[in-house]
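Open the model in your viewer and keep the selection tool at hand. The stops below go from the whole chain to single residues.

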Amino acid sequence: STRARIVILGGGAAGMAMANRLARRLDGARILLVEPREIHHYQPGWTLVACGAWQPEQTLRPNADFVPRGIEWSRQSAVGIDADNRRVSLSDGSIAEYDYLVVATGLQLNYHLIDGMSPDLVGNHGIGSVYAGLESAGRTRQAIDEWIAEGGGRGLFTAPATPVKCAGAPIKMAFITLSQIRKSGHRDDFQLDYLTPSQAMFSQPWVNAFLKQRFDEEGIERRHQYQLSAIDPGARQAEFTFIGSAGDFNTHRTGRQPELGREGEMTEVIDYRFIHVVPPMSAPDFIRESGLIAKDGLFRGEWLDTDIHTLQHNRYPEVFGIGDVIGAPINKTAASVKAQAPVVEANLVAQLQGLAPTARHNGYTSCPLITDIGKAMLVEFGYDNDMAFLPSFSFIDPKEESWVAWVLKDYLLQPAYYAMLEGLA
Ligand code: FAD
């Protein structure tokens, strides 16, 4: 039994799973869950809404279904963390003091870093973005339908330079759209370009090789080292900054008005009829402004400073991070949260008992990569590339696109996800 005060920031996939686990595990603990939303969003369903396979309602459940008994649920937002004094300030001006803190706020979508872009534009002017929320997923579908009804033209699919949640989603959107274009019978009238700041399509080598080949076979043009910097919605033009060398830029560019742009940047303006925008992502601003943000290294200023294996904060041992907010090279998926939750539970309890945190997260990431409507690949991997993949379903060959993997994404993952929120499995 303990009287420790535990504050959990965020009650999404990670925070809700932790609330249930800790409520069950720790007799007498005073647990405060800070989550402003009444409704839980099953985000993996947004791609299925965007391709018309699901109705929006299928992704919604009241948070009250999942909040465990015996804990306190604050409907405020956290607005500041004073890590030295173990205090969190909430949006109503109140302060929550803690002995242990679990940061599970998810990540922030930084649409504002793309000039001219706002999530409110999604669904208009040929702009789609499956990330902006459930409504945007539906409006993305409409924008794709409108483009297809126009009968042709160029569509751009972008990726940002930051880590993203569900790294497969930007790619899935290109495949889903292509699948719909093919059904229209006018494939040859449409051009699809995939533009990414990276030299690769995906972090895992064999998935990268597979995707490059698939894109080439399908005639989706890959343009590497291209970062979306601005859009002009009315004119349907997007400006990309080329982040490679000037020599490479001259061989790669195909759009109009290539120029050595602002402050010597190499920019290219491309006309489109449809664009799928994936914004840069980071930890929420109030975390970036707190002492908990990474101070150096790869995640500096952008992500929570946690040990990627123990998920304990690198400087504040009473703080743990879980889910999309942590500084880690991969694993921003709900499937990763499932693997992280028992690790955070074990290490927080160890810390509480004055023991060393020994549980370790291996970076497990899983991504059902939709390659066509009705077909998917289940891609699984961890921090250690040598693991290559960690297949948990022996009947699915992860290197084969299959209907079985689609069924898994379409029907089976959601019940497993809700069980995770309840702290089971
Ligand atoms: P979230 O689930 O986003 O929850 C964060 C919570 O914190 C929210 O409830 C929010 O209201 C709350 N919050 C935010 N700020 C504050 C604050 N200041 N104070 C208090 N509370 C706050 N994963 C898969 O495993 N498989 C997939 O196929 C898949 N597909 C995806 C497709 C799309 C389009 C998207 C967007 C995501 C997909 N994911 C997928 C990723 C998955 O949804 C996330 O990785 C997962 O939800 C992360 O959980 P989290 O708790 O860290 O963040």
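The tour starts with the overall fold, then visits the ligand, the core and a set of paired strands.

**Whole protein.** Bear in mind that this is a predicted model. Colour it by secondary structure: there are 9 helices and 23 strands in the protein. Of its 425 residues, 48% count as buried. Take the contacts between residues at least 6 apart in sequence: 64% of them join residues at least 24 apart.

**The ligand.** Select the ligand and show what surrounds it. Its shell holds 38 residues, and the closest are Gly10, Gly12, Gln43, Gly106 and Gly323. Now colour the shell by class, which gives 21 nonpolar, 12 polar and 5 charged residues. Which helices and which strand each supply at least two residues of this shell? Select helix H1 (13-25), helix H2 (45-50), helix H8 (334-352) and strand S22 (365-372) to see them.

Next, give the two domains separate colours. Domain 1 (5-107 + 283-363) and domain 2 (111-280) both contribute residues to the shell, so the ligand lies between them.

**The nonpolar core.** Hide the ligand and select the largest nonpolar core, which has 121 residues. Ile8, Met18, Val102, Val103 and Ile322 are the members that touch the most others. Helix H4 (residues 169-184) gives the most to this core, with 8 residues. Keep the domain colours on: because domain 1 (5-107 + 283-363) and domain 2 (111-280) both give residues to the core, it lies between them. In soluble globular proteins, nonpolar side chains tend to be buried together.

Centre the view on Val103. Leaving aside residues up to four places away in sequence, Val103 touches Leu9, Ile287, Leu292, Leu304, Val319, Gly321 and Val325.

**Paired strands.** Move to strand S15 (residues 226-232) and strand S16 (residues 237-242), which run antiparallel and are joined by 6 bridges. Select Ala230, then Glu239 in S16, which is its bridge partner. Between the two strands of this hairpin are 4 residues. Which residue of the hairpin takes a positive phi? Arg236 does, with a value near 50°.

Strand S16 has another pairing: 6 bridges join S16 to strand S18 (residues 266-271), and these two also run antiparallel. Select Gln237 and then Asp271, its bridge partner in S18. Show side chains along the strands as a last step. In a regular strand the side chains alternate between the two faces of the sheet.

Key:
Residues are numbered from 1 along each chain as its sequence is written. This is a predicted model: local features need pLDDT of at least 70, side-chain atom pairs count only at pLDDT 80 or more; totals for chains, interfaces and linings use all residues. A residue is near a molecule or strand if its C-beta atom, placed from the backbone, lies within 6 Å of it. Ala, Val, Leu, Ile, Met, Phe, Trp, Tyr, Cys and Pro count as nonpolar, Asp, Glu, Lys and Arg as charged, and the others, Gly among them, as polar. Domain bounds come from an automatic or database domain assignment. A residue is buried if 20 or more other C-beta atoms lie within 10 Å of its own, exposed if 12 or fewer, and partly exposed in between; C-beta atoms are placed from the backbone. Two residues are in contact if their C-beta atoms, placed from the backbone, lie within 7 Å. Two strands pair if DSSP finds at least two bridges between them. A nonpolar core is a set of buried Ala, Val, Leu, Ile, Met, Phe, Trp, Tyr and Cys residues joined through C-beta atoms within 7 Å.
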